[in-house]
Amino acid sequence: MKIPIKTKPFSNLQSLTELRQFIEVANSSSFSKAAKNLNQTAATISSAIKRLEKTLKTRLFERSTRSVRLTGEGAIFYESCVKALQILEKGAEQITIDSQEISGKLVISAPTDLMQTQLSFWIQDFQTMYKDITVEIRVSDSLSNLVSDPIDIAIRYGFPDDSNYVARLLKNSNRIACASPKYIKEHGEPMHPNELLKHNCLCYKVKESVDNTWHFFRDQQEFKVTVNTKFSTDDSSLARAWAVAGNGIVYKSELDLSDDITSGRLIPILSSYIGSKSPIYVVYPGAKNQSIRVKTFISYLFEKTSNI
């Protein structure tokens, strides 16, 4: 069934130009400023607004010698215009992405474990789809300086402290405590967070501090335990490897441990408790002048994480 499209009163490209002119006048509260911003004459802007008002049969602006402000009807129309142009621009951007050849170098920084357990396979699939893309991977558990370092995208756990970066939530997850079947057989399984004090816990360093305070939640109660450790490292994948080898209990994102749990190499413990939140973000310097390959890869990441 075809849905009939109403083409009036805005049925040509000139109308779209007039909508942009209207928005600029509203934003600047001045015909002359709008004209300057659009590199047009004030007379051109004024004529466009008059045509709009005639088409809509209503006054959009209250004019005085000192200022221009929206009328009530103008304010309603402004909100609709902004939303409409955002939709049009998003559609145009997608068409541009789809029609351009995606090629060039993509520099990606990601945590060690996440790269080994998930991202490396996703990147291989991405390169299969876009054969002209070359990828450089930088593995790090700290947030690299995206301005001084030539990195296009960083994938990190937790929201970055630096407000200069754009950070978009890829996936919510929680931390989970796990141990190998061998460790549980030899040392027993803790049933309460406080029982972790009797066990060897495998910790990793975050910003030079050992992450040995573990948080668990149940029935709106928080259980905070400062665990004992004989092993600590700044490489999170090493902590996971130690756990698989039977050297202790590890407390990491469920995304990092999912393959080991599925294969039986690790067993979740304290399953009646919820671990700390461990959201994963895609972080990049800014959205302005972003390359097509970066935009495409970010969209691809969202597609992949929506399926896990």
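Student: Which residue in strand 15 is the bridge partner of F216?

Tutor: The model is a predicted one, and in it F216 has G275 as its bridge partner in strand 15. Moving along the ladder, F217 stands opposite I274, again in strand 15.

Student: In which sense do strand 10 and strand 15 pair, and over how many bridges?

Tutor: Strands are taken as paired when at least two bridges are found between them. Here strand 10 and strand 15, the latter spanning residues 274-275, pair in the antiparallel sense over 2 bridges.

Student: How many bridges join strand 10 to strand 11?

Tutor: Strand 10 (residues 213-218) is joined to strand 11 (residues 221-226) by 6 bridges, and these two strands run antiparallel. One position to look at is H215, whose bridge partner in strand 11 is K224. The two strands form a hairpin with 2 residues between them, and in this hairpin D219 takes a positive phi near 50°.

Student: In what order do the strands lie in the sheet?

Tutor: The order is 11-10-15, an open sheet of 3 strands with antiparallel pairing. Strand 11 and strand 15 are its edge strands, since each of them pairs on one side only.

Student: Turning to helix 7, which of its residues are buried, and what do they pack against?

Tutor: Within helix 7 (residues 236-244), the buried residues are S236, S237, A239, R240, W242 and A243. They pack against helix 5 (112-129) and helix 8 (254-263), and also against strand 8 (201-206), strand 12 (231-233) and strand 13 (249-253). After the helix comes G246, whose phi is positive, near 90°.

Student: How many aromatic pairs are there, and why is the pair of F231 and W242 called tilted?

Tutor: Rings are paired when their centres lie within 6.5 Å, and by this rule the count comes to 12 aromatic pairs. For F231 and W242 the ring centres are 4.8 Å apart and the planes stand at 50°, so the pair is tilted, because that label covers plane angles that are neither under 30 degrees nor over 60. The pair links distant parts of the chain, with F231 in strand 12 and W242 in helix 7, 11 residues apart.

Student: Are F231 and W242 buried or partly exposed?

Tutor: Buried means a relative accessible area under 20%, so W242, at 18%, counts as buried, whereas F231, at 28%, counts as partly exposed.

Student: Which residues form an aromatic cluster with F22?

Tutor: The residues that join F22 in one aromatic cluster are F31, F61, F77 and Y78.

Key
Residues numbered from 1 in each chain as written. Predicted model: local features only at pLDDT ≥ 70, side-chain atom pairs only at ≥ 80, totals over all residues. Heavy atoms only, no water. Buried < 20%, exposed > 50% of the residue type's maximum accessible area, 1.4 Å probe, protein only. Helix = DSSP H or I, 4+ residues; strand = E, 2+ residues; numbered from the N terminus. Contact = heavy atoms within 4.5 Å. Phe/Tyr/Trp six-rings, centres within 6.5 Å; stacked < 30°, edge-to-face > 60°.
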